[in-house]
Structure formats: structure tokens, C-alpha cells
Amino acid sequence: VTPPPTSNHGSLDATVVAAVAAMQWQGDEARLGQLCQLFQLASSPDNHVQQQVMQTLNEFSQLPDFNLYLVTIFARMQGQPEVVRQRSGLLLKTNLSRCGQIQPRIVEYIQAGALAAVRDPSQVIRHTAGTVITTLVNIAGIAAC
């Protein structure tokens, strides 16, 4: 798996914020595919493969819109295996709890995805959506949700 190009942005650039504000953010299809492949490879019993997955995910996490990729895989890519979507949602929850302050438009986008996932046919996805929503409430407050 090829790591993404690194970003020098400390926060989301104006283009990403504007796209999210319009709820029209669309990630790069190749990156979405790579992330899905990484989440699938995370099941490997091979320790070396797992280390490569973690290293590549750490590189992806430097993307200014990484959490948007995660919520897209988790909530909007129903064609992906349940385990891929769940891992994406769990990593999203972890990232949210680590990042502290989040721009309101980003919270809205993640919230919309998590609320959509609450209606997913999969109990695992619904449960993960609940943990993402709980984390959002803890960070942004109940008024945001």
C-alpha cells in the first residue's frame, strides 16, 4: 500500500472547509480504496503486515481531511465489509477524542454521517455510530448534536 503524500497543513485548508460547509466533500477515490485495503489487511495474523498497516495509517492521519475519509468509509460506503467500516468508525472515534477542538462544519459533517450510520442494518455499525456520537458530544457538547 502506497502512503499518501504528506501534508504541511496544521489544519484543514480553506477548500476543504468550504466543501464540508456545503456538505459536498468528496475524498480522493484512490485514497478511499487504500484506506479500505488497510482496514482489511489489519486482520492479518502477520505481525509485519500489521506494523506496515499501522505505519501507513499514521502517514494517512497527517492528511488535513483524514477524519472525513474515515466517516465516509464508516457511514457512506455500505458496500465495504462490515469489519472495514467498523475499524474506520473506531479509528474516527479515537481521532476525535485525541484532537480536542474541531471546526463546527467538520463536526456537522461527521455528525451527519454518524446519525446516518445509526440507521444501518448492521448492529455492529449502529453500535460504533453510537460511540462516535458519544465522543462528538463529549468534545463539541450536546448543542452540536
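**View 1. Buried residues of helix α6 in the predicted model.** In this predicted model, the buried residues of α6 are Ile-106, Val-107, Tyr-109, Ile-110, Gln-111, Gly-113, Ala-114 and Ala-117. Helix α6 covers residues 104-117, which is 14 residues. At 1.5 Å a residue, α6 should span 20 Å, and its end C-alpha atoms are indeed 20 Å apart, so the expected and modelled spans agree.

**View 2. Arg-76 and the ring of Tyr-109.** Tyr-109, one of the buried residues of α6, has Arg-76 over the face of its ring. The distance from Arg-76 to the ring centre is 4.8 Å. As for contacts between rings, the structure contains zero aromatic pairs.

**View 3. Asp-65 in the loop between α3 and α4.** Asp-65 belongs to the loop that joins α3 to α4, the latter being residues 66-76. Asp-65 counts as buried because its relative accessibility is 9%, and buried means under 20%. The C-alpha atom of Asp-65 is 9.2 Å from that of Ile-106, a residue 41 positions away along the chain. Ile-106 is itself among the buried residues of α6.

**View 4. Cys-36 in helix α2.** Helix α2, residues 29-41, contains Cys-36. With a relative accessibility of 6%, Cys-36 counts as buried. Between Cys-36 and Arg-87 there are 9.4 Å from C-alpha to C-alpha, for a sequence separation of 51 residues.

**View 5. Leu-90 in helix α5.** Leu-90 is a residue of helix α5. Its relative accessible area is 34%, so Leu-90 is classed as partly exposed, the class that lies between the buried limit of 20% and the exposed limit of 50%. Leu-90 and Thr-128 are separated by 38 residues in sequence, and their C-alpha atoms are 6.7 Å apart in space.

**View 6. The second largest pocket and its lining.** This pocket holds about 260 Å³ of space. Its lining consists of 14 residues, and those nearest the pocket centre are Phe-39, Val-53, Met-54, Leu-57 and Leu-91. Two elements, α3 (47-60) and α5 (82-99), each give two or more residues to the lining of the second largest pocket. Sorted by class, the lining has eight nonpolar residues, four polar residues and two charged residues.

**View 7. The protein chain as a whole, for orientation.** The chain has seven helices and zero strands. From the N terminus on, the order of elements is α-α-α-α-α-α-α. Of the 145 residues in the chain, 39% are buried. Cys-36 and Asp-65 both count as buried, whereas Leu-90 is partly exposed.

How values were computed. Residues are numbered from 1 along each chain as its sequence is written. This is a predicted model: local features need pLDDT of at least 70, side-chain atom pairs count only at pLDDT 80 or more; totals for chains, interfaces and linings use all residues. Side-chain values use heavy atoms; hydrogens and water are left out. Rings of Phe, Tyr and Trp (its six-membered ring) pair if their centres lie within 6.5 Å; planes under 30 degrees apart count as stacked, over 60 as edge-to-face and the rest as tilted. A charge sits over a ring if NZ of Lys or CZ of Arg is within 6 Å of the ring centre and within 35 degrees of the ring normal. On a 1 Å grid over the protein atoms alone, a cavity is a set of points where a 1.4 Å probe fits but cannot get out, and a pocket is an open set with protein on both sides within 12 Å along at least five of seven lines; lining residues have an atom within 4 Å of a point. Grid points are joined across faces, edges and corners, and a volume is the space filled by probe spheres set on the points. Helices (H or I, at least four residues) and strands (E, at least two) are DSSP runs, numbered from the N terminus. Ala, Val, Leu, Ile, Met, Phe, Trp, Tyr, Cys and Pro count as nonpolar, Asp, Glu, Lys and Arg as charged, and the others, Gly among them, as polar. The expected span of a helix is 1.5 Å times one less than its number of residues. Buried means under 20% relative accessible area, exposed over 50%, partly exposed in between (1.4 Å probe, protein chains only).
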